Amino acid sequence: GSGVSPDDLLRRFETEVDRTPGICNLGIRNGRRYLATEQELVKERKLLKTLADLTQRSVAAVPESLVDDLLARPACAPKIGDARRPLALSREQKEAVRHLVLGSDAVKVVTGLAGTGKTSMLAVARHAFELAGYRVVGAAPTHRARQELSQGAGIDARQLVRAARKRRTYSPDHLRLSRKTVLVVDEASMVQTEDMQELLTAVQQQGGRILLVGDDRQLPPVGPGGAFGAI
């Protein structure tokens, strides 16, 4: 309103940022200047430390023959609710199932664009884990994603929602994980840093493995995030 030019306004803003305690200038990347609070950087370092610990941990491998037999069928039929739904997977979907289920890594990641069949892939992966004696549970940042996990993939899921007064509608302690538990996080790109840290910590402390599925080019979290892309 006082005739200040955009360039002058930006310079004033940057001056104020440089004076503000607790704000860290992370430098310029791809032509953009990045800022963060010291508090958030501490959380991110803690998350990466937890992740590093989990990536050094080995979990019991699912027999490869079990997965081969399941994927060799013309149509896999995982049970969802009270019915079995035949699912014919593409070559890429089958590769994603093998990536998630096989091996001894405690952390697995799958990225895929919307509409590429991630839910069907998860339904078959969940079926494979259950055939091997694992319990599969889920977590998602939105009500829609939670419904998709529950109704589309047959995975009992909790919604990660930060409510008023920083209280949540879930607690990692209530996940009741064990070495025979698989935690599936859908729409992982939308999970805030603090929520992702708590999920990783739950797996670190209680055991089991965590599968992160999403699209890192999709919507970011409402709050501080970027954890999925970093992982």
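Ala, Val, Leu, Ile, Met, Phe, Trp, Tyr, Cys and Pro are counted here as nonpolar, Asp, Glu, Lys and Arg as charged, and the others, Gly among them, as polar. On this basis, the lining of the largest pocket in the predicted model comprises seven nonpolar, four polar and three charged residues. This pocket encloses about 560 Å³ of space. Among its 14 lining residues, Leu 26, Tyr 34, Leu 35, Glu 44 and Gly 225 lie closest to the centre. Strand E1 (23-29), strand E2 (32-37) and helix H2 (38-55) each contribute at least two residues to this lining.

The model also contains an open sheet of five strands, arranged in the order E5-E9-E8-E6-E7 with parallel pairing. Strands E5 (107-111) and E7 (156-159) form the edges, each pairing on one side only. From one strand to the next, the twist averages 20 degrees. Within the sheet, E6 (residues 135-140) and E8 (residues 181-185) are joined in the parallel sense over five bridges, and Gly 138 stands opposite Val 184 in E8. Helix H5 (residues 118-131) packs on the sheet, where it touches E5, E6, E8 and E9 (209-214), and its direction makes about 165 degrees with that of E9. Helix H6 (residues 143-153) lies across E6, E7 and E8 and runs at about 175 degrees to E7.

The second largest pocket has a volume of about 330 Å³. Of its 17 lining residues, those closest to the centre are Thr 119, Glu 148, Asp 186, Glu 187 and Gln 218. Helices H5 and H6 are the elements that give two or more residues to this lining, with H6 giving the most, three residues. By class, the lining of the second largest pocket has four nonpolar, seven polar and six charged residues.

Note on methods: Residues are numbered from 1 along each chain as its sequence is written. This is a predicted model: local features need pLDDT of at least 70, side-chain atom pairs count only at pLDDT 80 or more; totals for chains, interfaces and linings use all residues. Side-chain values use heavy atoms; hydrogens and water are left out. Two strands pair if DSSP finds at least two bridges between them. Helices (H or I, at least four residues) and strands (E, at least two) are DSSP runs, numbered from the N terminus. Axes are lines fitted to C-alpha atoms, for helices over the stretch in contact, and angles run from 0 to 180 degrees between N-to-C directions. Contact means heavy atoms within 4.5 Å. On a 1 Å grid over the protein atoms alone, a cavity is a set of points where a 1.4 Å probe fits but cannot get out, and a pocket is an open set with protein on both sides within 12 Å along at least five of seven lines; lining residues have an atom within 4 Å of a point. Grid points are joined across faces, edges and corners, and a volume is the space filled by probe spheres set on the points.
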